[in-house]
Amino acid sequence: MRFSGFRVLKEALTGHHGWKPLWRNPEPQPAYDYVIVGGGGGGLSTAYHLAKVFQGKRIAVLEKGWLGSGNIGRNTTIIRSNYLLPGNEPFYEFSMKLWENMEQEFNFNAMVSQRGILNLIHTDGQRDAYRRRGNAMLLAGADAELLDREQVRTMYPWLNFDNARFPIKGGLLQRRAGTARHDGVAWGYARGADLLGVDIIQNCEVTGFRIEAGKVLGVETTRGYIGAKKVGVAVAGSSSRVMQMAGLRLPIESHVLQAFVSEGLKPVVDGVITFGAGHFYVSQSDKGGLVFGGDIDGYNSYAQRGNLPVIEEVAEGGLALMPAIGRARLLRVWGGIMDMSMDGSPIIDRTPVDGLYFNGGWCYGGFKATPASGYCFAHLLATDRPHETARFMRLDRFERGYVIDEKGMGAQPNLH
Amino acid sequence: MLIPHPLLGPRDAQEFTYLGDASLLNRPDGLAEGALDAFNRHVYLRDNPAGVHRELWFHEQGDRSWLVVTRNTLTHEILGAELARDVALAQKGGAK
């Protein structure tokens, strides 16, 4: 079933009886060539690219709950490629390019909106840092513009430019960045994968790995044993728990990050604004709600909910930047579990267990990476070699001293 | 979250900063055989359990003591707190 304007018109005239479920609900087969553990953004994107780009056959995605029930459905939907380090930026720019074409490619409306992201500058030091970052972005083929105070004022005249502590002095703008409909991304990849013959098996929790002589043979699940030539794990916040079943300890801590949405307001924020100094960022959804967030709560957590002090802190940041929202009411607050790695950058790599591959450590930045994360993981699964843009994202880089530490914070996950 | 400080009674967790797993108290011997591997495990690898977790909190805006707090990462329930000093001394084989 392909979506098109003609199809919408036809269904509208015939009572909408022709729409079918977007994917099948198959029973698990006894064995597959590839088993992907985790039916979130990363897992579905991996399965899609494995089938589409690398012509993989007999692929299954195993999901503990329902499809897209983890962080792909809980994030603040921002896509961008404004990283600094050579280990990261080419990867995120590759992801950005995939975002730009994904809807045509998988024939599904993911509402990708390149509305621009603006990182605010308050000091000379910050301007120098952002100029350097902008140059690094340009070198990797991304776009970046350094704006002065008046250019920022033209875009967002209602920001608080004369805050005593953090007066706005300019900003780094990436126009190609923006937002996407997060659920649409999961559904689009799921449907695309399903159409290519991938079995998406929901309510199927992996409870163990069958490993013999250092090689993985398959996975034990709540729906029985499933054999596999290769197993790829992409389970974000549950990474440590799942990989522990294969006897691995990871350079990862799980932390909770909260996100917020206000009541629906008239259009006011037409892009994404980040106020790093105040630990606050904001965009506006198409329904009108301000979607915003701040830092992680800062302690290990698997609870998918945070505590009030961070809510207060984020609200303070928002109010400092946009005093006009003082009377807007908060509609919802929720939390997701972040797989915070020890240097703040992700891992896409083989593991010491033959045939077992790991994709994780996305910290609070996995959503923007969804397309490239899946593409590069599929590349690794299919060819046993890392994709060119993900070749620094190794599992053993910590041991070897090749960390990718964007913030220079060291092995302290709650500071990344 | 309220942390039951062994000296000061219940204190708001906001007065503390968080470091991480209490295993960070066990710094490996840098001169021992296999020190490189031991330090890799010490600095970078974590158990990261879903459930009871022993972890280091620093009472930065209080009496500046380090605590080992036992907390459930699934519920955020705090089960107890000890002075990190006492824990470290006990691990070394009794107070000196």
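At what angle do helix α3 (residues 89–106) of chain A and α6(A) pack, and how many Å apart are their axes? Keep that in mind while you set up the viewer.

**Before you click**

You are looking at a predicted model, in which local features need pLDDT of at least 70, side-chain atom pairs count only at pLDDT 80 or more, and totals for chains, interfaces and linings use all residues. Residues are numbered from 1 along each chain as its sequence is written, chains are lettered from A and ligands numbered from 1 in the order in which they are written, and side-chain values use heavy atoms, with hydrogens and water left out.

Helices (H or I, at least four residues) and strands (E, at least two) are DSSP runs, numbered from the N terminus.

**Stop 1: α3 and α6 of chain A**

Select residues 89–106 of chain A for α3(A), and add α6(A): the two pack at an angle of about 45°, with axes 10 Å apart. Axes here are lines fitted to C-alpha atoms, for helices over the stretch in contact, and angles run from 0 to 180 degrees between N-to-C directions. That angle makes α3(A) oblique to α6(A). As for the wording, under 35 degrees counts as roughly parallel, over 145 as roughly antiparallel, 65 to 115 as roughly perpendicular and the rest as oblique.

The crossing of this pair is left-handed, a label used if the near helix is turned anticlockwise from the far one by less than a right angle (right-handed if clockwise). Now show side chains: A:W99, A:M102 and A:F106 of α3(A) meet A:V185, A:G188, A:Y189 and A:R191 of α6(A). Contact means heavy atoms within 4.5 Å. By class, this contact of α3(A) with α6(A) has 5 nonpolar, 1 polar and 1 charged residues. Ala, Val, Leu, Ile, Met, Phe, Trp, Tyr, Cys and Pro count as nonpolar, Asp, Glu, Lys and Arg as charged, and the others, Gly among them, as polar.

**Stop 2: α2 joins α6**

Keep α6(A) on screen and add residues 41–52 of chain A, which form helix α2. Here the axes are 8 Å apart and the packing angle is about 35°. α2(A) passes α6(A) in a left-handed crossing. On the α2(A) side, pick A:L44, A:S45, A:A47, A:Y48 and A:H49; they meet A:A186, A:Y189, A:A190, A:G192 and A:A193 in α6(A). That contact of α2(A) with α6(A) holds 7 nonpolar, 3 polar and no charged residues.

**Stop 3: α6 and α9**

Next, select residues 182–195 (α6) and 366–383 (α9) of chain A, whose axes come within 11 Å and cross at roughly 20°. The two helices are therefore roughly parallel to each other. α6(A) passes α9(A) in a left-handed crossing. Look for A:H182, A:V185 and A:Y189 on α6(A), against A:F367, A:T370 and A:P371 on α9(A). The contact of α6(A) with α9(A) has 4 nonpolar, 2 polar and no charged residues.

**Stop 4: the sheet in chain A**

Switch to strands. An open sheet of 8 strands in chain A runs β5-β6-β4-β13-β14-β15-β12-β16, with mixed pairing; two strands pair if DSSP finds at least two bridges between them. At the edges are β5 (145–148) and β16 (330–341) of chain A, each pairing on one side only. Neighbouring strands of this sheet are turned by 25° against each other on average, direction ignored.

Zoom in on β12 (residues 252–264) and β15 (residues 289–300) of chain A, an antiparallel pair with 6 bridges. Click A:L257 and you'll find its bridge partner in β15(A), A:I296.

Now zoom out to residues 33–380 of chain A, which UniProt lists as "domain: FAD dependent oxidoreductase" in an unreviewed entry. UniProt positions are given in the numbering used here, feature names are shortened, and annotations may be inferred rather than shown by experiment. The end C-alpha atoms of that span lie 14 Å apart, and it is 29% helix and 31% strand.

**Stop 5: chain B**

Chain B has 2 helices and 6 strands, running β-β-β-α-β-β-β-α from the N terminus on. Pick out its open sheet of 4 strands, β3-β4-β5-β6, with antiparallel pairing. β3 (17–21) and β6 (78–83) of chain B each have a single partner strand, so one side of each is left without a neighbour in the sheet.

Last click: in β6(B), B:I78 is the bridge partner of B:R71.
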